[in-house]
Amino acid sequence: MHSVARARRQRDGRASATVEFALIMPVLFAILFGVIDYGLLFDNSLNARQGIREAAREAVVQTAPTGACATQTGFLAQAACTARADIGPLAGTAYVKAFYSSWTTGQTLTVCTLVQTKGLTGMVPFPAGGFTRARTDMAIEVASPVPAGATSYADALPAGQDWSWCS
């Protein structure tokens, strides 16, 4: 009789542990997915800053683009392509704007990016709709030859977004 009561307590203990786990599991998964999605947002933010800085640096010293970016038409379109490639968002899309007023030594090249992070789960609300902004201004170092083409380039943005913050 004593062993029957012990077996019943063990069964009851396992059953209650299973019920408790079933109750807490959704909360744990929500936290886990939130950590993953926000990790992607922060990764995209860091990559955006580093990517546009690298692309701007290559542009101001007139380093020739490689790969698919070399086939782009226009100097700033190539720089924007390089920035998108350097950013390489994991779970989203990068948009780039680049401009300068005069291609002379000491003048400024500005490169901005807007990265949209969508996340993996879609369950986590992101601040600013998941849009991360980054901007870098870099002094032009190699002024000759003067790049051919337009002095500005901008990707078309999704509805509700604009480049007003990057001017």
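A residue is called partly exposed when its relative accessible area lies between the limits for buried, under 20%, and exposed, over 50%. Arg57, with a relative accessible area of 31%, is therefore partly exposed. Keep these limits at hand for the stops below. The model on screen is a predicted one.

**Stop 1: Arg57 and Glu141**

Select Arg57 and Glu141 and display their side chains, which meet in a salt bridge with an N to O distance of 2.3 Å. This pair joins distant parts of the chain: Arg57 belongs to helix H1, while Glu141 lies in the loop between E3 and strand E4 (152–154), 84 residues apart. Glu141 is also partly exposed, at a relative accessible area of 44%. The structure has four salt bridges, and two others are visited later.

**Stop 2: the outer face of H1**

Next, colour helix H1, residues 2–60. Select Phe21, Ile24, Met25, Val27, Leu28, Phe29, Ile31, Leu32, Val35, Ile36 and Leu120, which make a nonpolar surface patch of about 1,000 Å². Phe29, in H1, has a relative accessibility of 39% and so counts as partly exposed.

**Stop 3: aromatic rings**

Stay with H1 and select Tyr38. The whole structure contains six aromatic pairs. In one of them, Tyr38 and Phe126 are arranged edge-to-face, with centres 5.4 Å apart and 75° between the planes. The two rings come from distant parts of the chain, Tyr38 from helix H1 and Phe126 from the loop between strand E2 (108–117) and strand E3 (131–139), with their positions 88 residues apart. Which of these rings is buried and which is partly exposed? Phe126 is buried, because its relative accessibility is 14%, whereas Tyr38, at 26%, is partly exposed. Now select Trp163 and Trp165: their ring centres are 5.8 Å apart and their planes meet at 40°, so this pair is tilted. Trp163 has a relative accessible area of 12% and is therefore buried. Return to Tyr38 and add Phe42 to the selection; Tyr38, Phe42 and Phe126 form one aromatic cluster.

**Stop 4: the nonpolar cores**

Select Ile52, Leu76, Trp103, Leu109 and Val111. Within the largest nonpolar core, which has 23 residues, these five touch the most other members. At least two residues of this core come from each of H1, helix H2 (75–87), strand E1 (92–100), E2 and E3. A second, separate core has eight residues, among them Phe99, Cys112, Phe131 and Leu157.

Centre the view on Ile52. What does Ile52 contact beyond its neighbours within four places in sequence? The residues in contact are Ala83, Ile87, Val111, Cys112, Thr113, Ala134, Arg135 and Thr136.

**Stop 5: two further salt bridges**

From Ile52, move to Arg135, one of its contacts. Arg135 forms a salt bridge with Asp137, where the closest N and O atoms are 3.2 Å apart. Both ends are partly exposed, since Arg135 has a relative accessibility of 37% and Asp137 has 43%.

Finish at Arg84 and Asp155, another salt bridge, with the closest N and O atoms 2.7 Å apart. Here too the partners sit in distant parts of the chain: Arg84 is in helix H2 and Asp155 in the segment after E4, 71 residues apart. Is each end buried or partly exposed? Arg84 is partly exposed, because its relative accessible area is 23%, while Asp155, at 12%, counts as buried.

Conventions:
Residues numbered from 1 in each chain as written. Predicted model: local features only at pLDDT ≥ 70, side-chain atom pairs only at ≥ 80, totals over all residues. Heavy atoms only, no water. Patch = residues over 30% accessible without salt bridge, like charges linked within 9 Å, V, L, I, M, F, W, Y side chains within 5 Å. Areas by Shrake-Rupley, 256 points an atom, 1.4 Å probe, with all protein chains shown as cover. Helix = DSSP H or I, 4+ residues; strand = E, 2+ residues; numbered from the N terminus. Buried < 20%, exposed > 50% of the residue type's maximum accessible area, 1.4 Å probe, protein only. Phe/Tyr/Trp six-rings, centres within 6.5 Å; stacked < 30°, edge-to-face > 60°. Core = buried A, V, L, I, M, F, W, Y, C linked by side-chain atoms within 4.5 Å. Contact = heavy atoms within 4.5 Å.
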